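This report looks at one pocket and at the aromatic rings of the structure shown below.

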Amino acid sequence: MAEFEVVRQTVVAAEPARIHGLIADFREWKRWSPWEDLDPQLRRMYSGPNTGSGARYAWEGNRKAGAGTMEITTSSER
């Protein structure tokens, strides 16, 4: 399997620390991510540190939500 990196940027009118906290902690994603509502029975697994570099999130869900994993490799408020 080839490695790849996805990078996206946008400007948000809010304090960086507040936004960073919502992104760097996968447990907070339920509050804002539209993908979290695709399966009411979505199974979530978290590992590593709670926030920032090394935090991991895995999920298993219905056909719409699918299954996958994510890991934060770098985390910064700037």
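The largest pocket has a volume of about 2200 Å³, where a pocket is an open set of points on a 1 Å grid over the protein atoms alone, with room for a 1.4 Å probe and protein on both sides within 12 Å along at least five of seven lines. Its lining, meaning residues with an atom within 4 Å of a point, comprises 41 residues, of which Val6, Val7, Arg8, Ile23 and Trp29 are the closest to the centre. Helix H1 (16-24) gives the most to this lining, with six residues, and strands S2 (56-60) and S3 (67-71) also give two or more each.

The model is predicted, so local features need pLDDT of at least 70 and side-chain atom pairs pLDDT 80 or more, while totals for chains, interfaces and linings use all residues. Residues are numbered from 1 along each chain as its sequence is written, and side-chain values use heavy atoms, without hydrogens and water.

Across the whole structure there are five aromatic pairs, that is, rings of Phe, Tyr and Trp (its six-membered ring) with centres within 6.5 Å, called stacked under 30 degrees, edge-to-face over 60 and tilted otherwise. Two of them are tabulated here.

| Pair | Centre distance | Plane angle | Class |
|---|---|---|---|
| Tyr46 and Tyr57 | 5.3 Å | 10 degrees | stacked |
| Tyr57 and Trp59 | 5.5 Å | 40 degrees | tilted |

Tyr46 is partly exposed at 25% relative accessible area, whereas Tyr57 and Trp59 are both buried (buried is under 20%, exposed over 50%, partly exposed in between, with a 1.4 Å probe and protein chains only). Phe26, Trp29, Trp32, Tyr46, Tyr57 and Trp59 form one aromatic cluster.

Conventions. Grid points are joined across faces, edges and corners, and a volume is the space filled by probe spheres set on the points. Helices (H or I, at least four residues) and strands (E, at least two) are DSSP runs, numbered from the N terminus.
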